[in-house]
Amino acid sequence: MRKSSLIAAFLLACAFAVPATDALAQSRRSPDEQQSDDAARKRQRDAEFGDNQAPLPQLRNAGPCPFVKVLYDAGRYVEFAGGREASAEVVWSGEIQKISAGCAYKDNEPITVAMDVLFAVGKGPRATGDAKTYRYWVAVTQRNRTVLEKAYFDLPVRFQPGEDRLYAVERIDGIVIPRAALTTSGSNFEILVGFDVTPAMADFNRQGKRFRLDAGAQTAATGGRTPR
């Protein structure tokens, strides 16, 4: 597998990055106002991401496409200073929010897959510097069975002064899955995406714990409480 040279990284960064001062102002709003603002931003972000969907032309395939999903244990990245699980100790955070995928195959051709992956990343109160490189992976498996291939990619991000979060879209193409026979369809395969996380991060995700990307900006309001 290869990562396309036509990466759409930081496509949404300027449109949706929220300065820390704005986040602090939001903490003074009522819960209903905050929820309404969050919903509006999500609708706008989803609309922008929707413009990037359908990575491959709509072709008449020999069958369904492979299942594409985020691995739950690796779908979020939360790094804590000293391993202390508190909002005041967040260094960097990230979440794989959406995947748009398409495939093409016919006759005895292999299955070709391309996808756009939407990342949301955050800078916490314990971060030093403005740059971070997130590492993530894409794996092709026989559905619910063995891993056929796994590749790692880097997502470098840089936060501008006052920014504590941004969004980026990564295009992954060149995924080619050979088919053993004409009757072998995409439903026999699964494509998984996840962050390269530590065992502690995977356990944090597995337990369903979470912090908002702007957890650092909300520390004054939450008092640094541990997650629910």
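Mentor: A strand is a DSSP run of E with at least two residues, and a helix one of H or I with at least four, both numbered from the N terminus. The model is predicted, with local features needing pLDDT of at least 70 and side-chain atom pairs pLDDT 80 or more, while totals for chains, interfaces and linings use all residues. Residues are numbered from 1 along each chain as its sequence is written, and side-chain values use heavy atoms, leaving out hydrogens and water.

Trainee: In which strand does Glu170 lie?

Mentor: Glu170 has a relative accessible area of 1% and is therefore buried (under 20%; exposed is over 50%, partly exposed in between, with a 1.4 Å probe and protein chains only). Its position in the sequence places Glu170 in strand β8.

Trainee: Which side chain does Glu170 join through a polar contact of 2.8 Å?

Mentor: A polar contact is a donor and acceptor pair of N or O atoms within 3.5 Å, where residues adjacent in sequence count only through side-chain atoms on both sides. At 2.8 Å, the contact from the side chain of Glu170 leads to that of Tyr136.

Trainee: In what order do the four strands of the open sheet stand?

Mentor: Strands pair here if DSSP finds at least two bridges between them, and the pairing in this sheet is mixed. The edge strands, β2 (67–70) and β7 (147–158), each pair on one side only. Strand β6 (residues 131–142) runs antiparallel to β7 and is joined to β7 by 11 bridges. The full order is β2-β9-β6-β7.

Trainee: Which residue in β7 stands opposite Trp137?

Mentor: The ring of Trp137 has the charged end of Lys150 over it, 4.5 Å from its centre (the rule asks for NZ of Lys or CZ of Arg within 6 Å of the ring centre and within 35 degrees of the ring normal). Opposite Trp137, in β7, stands Tyr152.

Trainee: How many aromatic pairs are there, and how far apart in sequence are the parts that Trp92 and Phe159 tie together?

Mentor: Rings of Phe, Tyr and Trp (its six-membered ring) pair if their centres lie within 6.5 Å, planes under 30 degrees apart counting as stacked, over 60 as edge-to-face and the rest as tilted; the count comes to eight. Trp92 and Phe159 are stacked, 5.9 Å centre to centre with 25° between the planes. Because Trp92 lies in strand β4 (residues 90–104) and Phe159 in the loop between β7 and β8 (165–177), the parts tied together are apart in sequence by 67 residues.

Trainee: Is the pair of Tyr136 and Phe153 stacked or tilted?

Mentor: Both Tyr136 and Phe153 are buried. Their ring centres are 5.6 Å apart and their planes stand at 40°, so the pair is tilted.
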